[in-house]
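Below is a report on packing and surface features of one protein chain. Start with the structure itself.

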Amino acid sequence: MPFPGSQTLGSGFRRRTPPGPTILKLVRRLQLRGPQLDPREMAPGPPALLLLSLLSLPSLPPGATGCPAACRCYSATVECGALRLRVVPPGIPPGTQTLFLQDNSIARLEPGILAPLAALRRLYLHNNSLRALEPGAFGAQSRLLELALTGNRLRGLRVGAFSGLAQLRILYLAGNQLVQLLDFTFLHLPRLQELHLQENSIELLEDQALAGLSSLALLDLSRNQLGTISREALQPLASLQVLRLTENPWRCDCALHWLGAWIKEGGQRLLSHRDKVMCAEPPRLAFRSLLDVSGGSLICIPPSVHVEPLEMTANLGEDLRVACQASGYPQPLVTWRKVAQPREGHPPAQAQPEGWARGPGGHGASDTGSGMLFLTNITLAHAGKYECEASNAGGAARVPFQLLVNLSRQQQLQLAPPPPPEPLHEAGSMAFRALGLATQTTVVAAIVLLAFTALLLATLICRRRRRRKKAPGPPGEGALFVNDYSDGPCTFAQLEELRDERGHEMFVIDRSKPLFAEGPAESAEGAAPGLAQGLPLQPPAAYEIHC
């Protein structure tokens, strides 16, 4: 709906008219020609009054202090449109309330570039090249009332992209390349009244995508690619007054039964007489209004799933592709999941195979009709049970699939953990009897060896303790002193080595023994006669020994 003092800029975008080129020409002509004005230009009416009001406003020429180069500044308004800018120009006065940056080539809002402009009320960035909005890009614009992003190249909106815009009333997102709206995209816009999303390629509107828009009065979703919409998606819109859903390829099945009933019960007041929900499929209902289709014709066919084969064996390091064929109406959404084995004390969980892309909603990779499971560089972690699920508005169906991983003998030896040491068991126990004969023999031998070692250690310890208990004797107890020369000298042949009971060594003189051993004489007698005659034998010598 047009508002006073606004003009249409295409795709439903309206803004208050800034000082345009015509008014600028009038100002220049006033400066050149003086007070002699054309009577038609000074005719009474709004143009003349606007001109007089502009003359009273302070204006800055391009490049003046406080105004970016090539831009024009009028009081709290800065006009930088159609200047082929690639970034937001620096030097914008902090007190600016209206900023025109339309028809440029700005591809990105640098972090913090808008932070000094806390007083902004209206920001026009339509017809640029913006591809994404970083979370918190407008965090400093808490007073912003109107934001125009029409005609950019936005492909998606992140959660938090509009955080900080608590006062925003109008948001233009028409003419972009949006494909889906995720949950809680507009959660930080509690006072938003108009949301323009027409002329995008939106196929999916999640159930909580519009959560938080309790003040929204106008929602324009026309000229998109919506095939269905859920009741939950529109429930947060308690203040909705205008809803535009035309020119979408609506799929008239059981999922839209609620929409037809809602329009008939009172939702028609939100739609204009030209806003009709026209069916695009099934073919038998094409080009018919949803209101003209009976509830019995809005049918769904539950999905059926087929996986062939149901079990496969793959070698380690190979790649694998498994097809899941699904049929039904509307076309089922196919999802592969790996079913994790439940652990004791933990509920069963679902895991995703490695190298598997995640879908937009955080689930496994999805496809319609024929879902393919892709596994690359298979490891032991890929082995297990998988599940192919197909779902549509008519229900859901699942088929299990088992994957086995085959290892070669060498790979088994490399991956097998070392065997744990066998515990020692008592002979006669049930666990000991369960062992093999060789293991039992080894265990018994080890036990006997340990027992013998313990007994030997105990014997040595007892002997040492006995020795320590005996008191030490007087000095010189271990030596034998002999100082008796009454019997004359003695030789080594008369000495006899003895040990007492304590182990002390001593030598005792035995006078009954001859002074010289008989060995040398006997050997001389048995020698050769020549040797005995030629070499006379030396007489035996006596040595005196003092003991």
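The report covers the nonpolar cores, one helix and a surface patch.

## Basis

The model is predicted. Residue numbers start from 1 along the chain as its sequence is written.

## The largest nonpolar core

The largest nonpolar core holds 68 residues. Four of them touch the most other members: Phe162, Phe186, Leu195 and Leu219. Two helices, α3 (231-234) and α4 (257-265), each give at least two residues to this core. Its largest share, three residues, comes from α4.

Phe162 shows the packing in detail. Neighbours within four places in sequence are set aside here. Phe162 then contacts the leucines Leu133, Leu147, Leu149, Leu157, Leu171, Leu173 and Leu189. Its other contacts are Thr185, Phe186 and His188.

## A second core

A separate core has 20 residues. Among them are Leu375, Ala397, Phe401 and Val405.

## Helix α4

Which residues of α4 are buried? They are Trp258, Leu259, Gly260 and Ile263. The buried residues of α4 pack against α3.

A general point on helix geometry helps in reading such a set. An α-helix has 3.6 residues a turn, so residues three or four places apart point the same way.

## A nonpolar surface patch

Val159, Phe184 and Leu187 make a nonpolar patch on the surface. Its area is about 250 Å².

Leu187 sits in the loop between β10 (180-181) and β11 (194-196). Is Leu187 buried or partly exposed? Leu187 is partly exposed, because its relative accessible area is 41%. Patch members need over 30%, so Leu187 meets that cut-off with its 41%.

Note on methods:
This is a predicted model: local features need pLDDT of at least 70, side-chain atom pairs count only at pLDDT 80 or more; totals for chains, interfaces and linings use all residues. Side-chain values use heavy atoms; hydrogens and water are left out. Patches are made of residues with over 30% relative accessible area and no salt bridge: like charges are joined within 9 Å, nonpolar side chains (Val, Leu, Ile, Met, Phe, Trp, Tyr) within 5 Å. Accessible areas come from the Shrake-Rupley method with a 1.4 Å probe; for residues, only the protein chains shown count as cover. A salt bridge is a side-chain nitrogen of Lys or Arg within 4 Å of a carboxyl oxygen of Asp or Glu. Helices (H or I, at least four residues) and strands (E, at least two) are DSSP runs, numbered from the N terminus. Buried means under 20% relative accessible area, exposed over 50%, partly exposed in between (1.4 Å probe, protein chains only). A nonpolar core is a set of buried Ala, Val, Leu, Ile, Met, Phe, Trp, Tyr and Cys residues joined through side-chain atoms within 4.5 Å. Contact means heavy atoms within 4.5 Å.
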